[in-house]
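Trainee: I have a model open and would like to learn how to read its binding sites. Can we walk through it together?
Mentor: Sure, have a look first and then we'll talk.

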Amino acid sequence: MAETTTFTNATQILEPFRGVKKVTLEEYFTSGHRTCQGCESALVMKLMVKAAGPRTIVLGSTGCMYVANTTYYTTPWVVPWMHTQLGSSGSAALGTAAGLKALMRKGKMKAEPINVIAFCGDGGGADMGLGAISATLTHKEYNSLILLYDNESYANTDIQLSGMTPYGAHTTFSPPGKAKRLIHTRWKKNMAGMMAAGHPECRYVATVCASYAVEMMNKVRRALTIGGPTFIHSLDPCPKGWDYDPMLSHELGELAIETGIFPLYEVEDGRVKYYGKTKAIVEGRARKPVREYLLKQGRFAHFIEEDLAYFQAKVDEMWQTWEIPAVVPFKRLDATTAALEAR
Ligand SMILES: Cc1ncc(C[n+]2csc(CCOP(=O)(O)OP(=O)(O)O)c2C)c(N)n1
Ligand code: SF4
Ligand SMILES: [Mg+2]
């Protein structure tokens, strides 16, 4: 671990792990948690802090990764950890980074780059805390990473739908019924694209899935190394909320990528780079049909052909009509329309 030359915005230089055999053995999220069997979000916590290393402070907003990880007198966190209010991951990240900087400037603690990571769920981050995250991403003088773990519902309070719940999914707020088969008919927010497009001075935004663990850890390391406020969106299969056998978590993560529903990419200083199977899709590989992903989950068991076709058409649209496929949803203008509109 080295340091950049100036203290002001110094970060730890965390080189990427060159393959799984090069990943460090030390764990900073260990036993002592009570998440469900097959919980991908718990794996994300473990990989996230393993990637960051020991000189790290983790802040976590309310949700499964707070409640199930800090039951009275137990915790899996080996690094300093603090709970923050449900909508406050952005404020907690910024406040902690600013506080550390002030203490170091005043000589009250040793000056060294300390990683600050604030995690939030989709409810806490993409709905309730969106404003605070947005504000934090404009404060380029403070280093912090906000990691949104997206299990696509307010899981901790029994699977209510959030702005990240997929179209048509069965949640406790959207149970399918005889009169109305689909209660939830909104399309999911494009969180990483929104953060990248909306915060020109945020230097790093990425999407990850723990099914691709080394890539995921390397994106965390890149975000922490590049400095300033950064943002990562992780798609996390959740056996309880998505209603599937816990042994399928890894496979569902893969299918989310292979169907093109969840693209893997990073935006560094405005440049988009696709990863893994998403890159292969961009280069022409066929996407798997969305039904292969959806029908493995009980939350879509009420879907009929018409619903599957609609879902497929929306995903096709992401890939075929978005200006930057699966990242930025502005529509391309064909040359004639563009010329007419320019007059
Ligand atoms: C302001 C506020 N409203 C409601 C709650 C109740 N609550 C606790 S956890 C939670 C669900 C959070 O969902 P998400 O952020 O997606 O995290 P997950 O539980 O899915 O891990 C809710 C609604 C709360 N703690 N604070
Ligand atoms: S409900 Fe989902 S996110 Fe919460 S602990 Fe269980 S598997 Fe993990
Ligand atoms: Mg959630």
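**Reading the metal and ligand sites**

Mentor: Let's begin with the metal, bearing in mind that this is a predicted model. Three protein donors sit 2.0 to 2.1 Å from the magnesium ion (ligand 3): Asp122 (OD), Asn151 (OD1) and Ser153 (O).

Trainee: How are the donor residues of the magnesium ion spaced in sequence?

Mentor: Write the donors in chain order and put the gaps between them; here that gives D-x28-N-x1-S. Aspartate 122 and serine 153 are 31 residues apart, so the pair links distant parts of the chain. Aspartate 122 belongs to helix H4, while serine 153 is in the loop between strand S6 (144–150) and helix H6 (191–198).

Trainee: And are aspartate 122 and serine 153 buried or exposed?

Mentor: Both are buried, and the cut-off for that word is under 20% relative accessible area.

Trainee: On to ligand 1, then. Which residues come nearest to it?

Mentor: Its surroundings hold 17 residues, with Gly123, Gly124, Tyr149, Ala155 and Asn156 nearest. Helix H4 (residues 122–128) gives the largest share of that shell, four residues. By type, the shell splits into 10 polar, six nonpolar and one charged.

Trainee: Which polar backbone atoms lie close to oxygen atoms of ligand 1?

Mentor: Look for N or O pairs within 3.5 Å. A backbone N or O atom of glycine 123 is 2.8 Å from a ligand 1 oxygen, glycine 124 has a polar backbone atom at 2.7 Å, and serine 153 has one at 2.9 Å. As for cover, the protein takes up 75% of the 580 Å² of accessible area that ligand 1 has on its own.

Terms used:
Residues numbered from 1 in each chain as written. Chains lettered and ligands numbered in written order. Predicted model: local features only at pLDDT ≥ 70, side-chain atom pairs only at ≥ 80, totals over all residues. Heavy atoms only, no water. Near = heavy atom within 4 Å. Polar contact = N/O pair within 3.5 Å; in protein donor to acceptor, adjacent residues only side chain to side chain. Areas by Shrake-Rupley, 256 points an atom, 1.4 Å probe, with all protein chains shown as cover. Helix = DSSP H or I, 4+ residues; strand = E, 2+ residues; numbered from the N terminus. Nonpolar A, V, L, I, M, F, W, Y, C, P; charged D, E, K, R; others polar. Donors = N, O, S within 2.8 Å, 3.2 Å for Na, K, Ca; no water. Buried < 20%, exposed > 50% of the residue type's maximum accessible area, 1.4 Å probe, protein only.
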